[in-house]
Amino acid sequence: MKELQLKYGCNPNQKPSRILMTDGRELPIEVINGRPGYINFLDALNAWQLVKELRQATGIAAAASFKHVSPAGAAIGLPMSDTLKRIYFVDDIEGVDQSPIATAYARARGADRMSSYGDFVALSDTCDATTATILKREVSDGVIAPDFTPEAIEILRQKRKGTYNVIKIDPSYVPEPTERKQVFGVTFEQGRNEIRLDDDALFANIPTRNKNFSAEARRDLVIALITLKYTQSNSVCYVKDGQAIGIGAGQQSRIHCTRLAGSKADIWWLRQHPKVMSLPFKENIRRADRDNTIDVYISEDEHDDVLRDGQWQQFFTCQPEVLTREEKQAWIARNTEVALGSDAFFPFGDNIERAHKSGVQYIAQAGGSVRDDHVIMTCDKYDIAMTFTGVRLFHH
């Protein structure tokens, strides 16, 4: 099959719509179930590239949760602590510890559950029954993977009244080296971004006094940079223990990227606070309502929305204690060893100041700003190790 007709494009009024191969080859995908749309395919193909590169770079199964052509989460299949299993709501999933690809998706989906709501999923490895079980109970549009076990297909076909989108991709497919797209009837053409982000060259130029990058820090910075390669620019990514914990995408100002991603990283960490983990939810609360309520409970100014009389009774069996600003700050201060990647240079040291507040100890960025000296000085102020990669990773 060289082309596939779609229901419509980005919006229902944009018809006709299709995906096609112009080089005479067959499409590298097979739709096993459902009817994926235009945006579904954009998410699926970008997400697949991300997880394929993560797999190649780390040697570990990888997963991504995509929304609106940027990752909401990305991770490799490292073991999860009991705390992470609880905040990702997979502590009741049988076999999750034995399935690296299920662990990778639990991490990718769980880091920013608000943004991952209604995601499109990419898996670097065969989707097994354990991963399909996690997928089945989340609000998600579809999944792309190199293969699916028969058990996984059967589970996924039960989702969304049988319409859940399941796409199989040929893992050996290699696109043409030149890519093209049209804007306002004008065709743009460029060489595909084939840069490898898993070699020692990324750490060849370390201008800070602290030049020590642990093996885990190097791995996490590579994960950050590969994630940014498929994130709408400007973009910044915080990573810890093999997973993105905060992604700031598509901001016009880099400091706003850093703040947005840092805020998400803080929320990820605050979800592990004992007060949050012990919130007395009613048993019949829907997963999405629970996620929204936790987000409001953690937020700076909106405690009253879920704690005031007449409101808390909707969600909780008893009125929870307030998580004070001082408690939040003290808890966030315990988050350390965070890695931070940027898709281009940091123009000012304010980005470093904000990153430091979220526990960043390692940074990878392109370098080349006229204020590199100020950025380096700010890193030295906090004993942060920073590498200048010399690589820009804009993605549009």
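**Close-up views of a predicted model**

**Figure 1. Overall dimensions of the protein.** For 396 residues, a compact globule would have a radius of gyration near 21 Å, and the protein agrees with this expectation because its own value is 21 Å. The model shown here and in the following views is predicted. The C-alpha trace extends over about 60 × 55 × 40 Å along the principal axes. The fold comprises 15 helices and 15 strands. Of the 396 residues, 54% count as buried. The exposed surface of the protein amounts to about 18200 Å², and carbon and sulfur atoms supply 50% of this area. When contacts between residues at least 6 apart in sequence are considered, 58% of them join residues at least 24 apart.

**Figure 2. The second largest pocket and its lining.** Rolling a probe the size of a water molecule over the atoms shows where empty space is left. The volume of the second largest pocket is about 400 Å³. Its lining consists of 21 residues, and Y8, G37, I39, N40 and D141 are those that lie nearest the centre of the pocket. Helix α1 (38-58) and the strands β4 (62-67) and β6 (119-123) each supply at least two residues of this lining. The most is given by α1, which contributes four residues. By residue class, the lining divides into seven nonpolar, seven polar and seven charged residues.

**Figure 3. Two cis peptide bonds in loops.** Most residues other than glycine have a negative phi, and most peptide bonds are trans. The bond from K15 to P16 is cis, with omega near -5°. P16 belongs to the loop that lies between β1 (3-6) and β2 (17-20). A cis peptide bond also leads from S233 to N234, where omega is near -10°. N234 is situated in the loop between α7 (215-229) and β11 (235-240).

**Figure 4. Positive phi at H68 and F89.** H68 is not a glycine, yet its phi is positive, at about 55°. This residue is placed in the loop between β4 and β5 (70-76). H68 counts as exposed because its relative accessibility is 60%, above the cut-off of 50%. F89, likewise not a glycine, has a positive phi of about 60°. The loop between α2 (82-87) and α3 (100-110) contains F89. With a relative accessible area of 17%, F89 is buried, since the cut-off for burial is under 20%.

**Figure 5. Helix α15 and its packing partners.** An α-helix has 3.6 residues a turn, so residues three or four places apart point the same way. In helix α15 (residues 372-381), the buried residues are D372, V375, I376, T378, C379 and D380. These buried residues pack against one helix and two strands, namely α14 (350-357), β14 (360-365) and β15 (385-388). D383, just after α15, adopts a positive phi of about 60°.

Key
Residues numbered from 1 in each chain as written. Predicted model: local features only at pLDDT ≥ 70, side-chain atom pairs only at ≥ 80, totals over all residues. Heavy atoms only, no water. 1 Å grid on protein atoms, 1.4 Å probe; cavity = no way out; pocket = protein on both sides within 12 Å on 5 of 7 lines; lining within 4 Å. Points joined across faces, edges and corners; volume = space filled by probe spheres on them. Nonpolar A, V, L, I, M, F, W, Y, C, P; charged D, E, K, R; others polar. Rg over C-alpha atoms; globule rule 2.2 N^0.38 Å. Buried < 20%, exposed > 50% of the residue type's maximum accessible area, 1.4 Å probe, protein only. Contact = heavy atoms within 4.5 Å. Areas by Shrake-Rupley, 256 points an atom, 1.4 Å probe, with all protein chains shown as cover.
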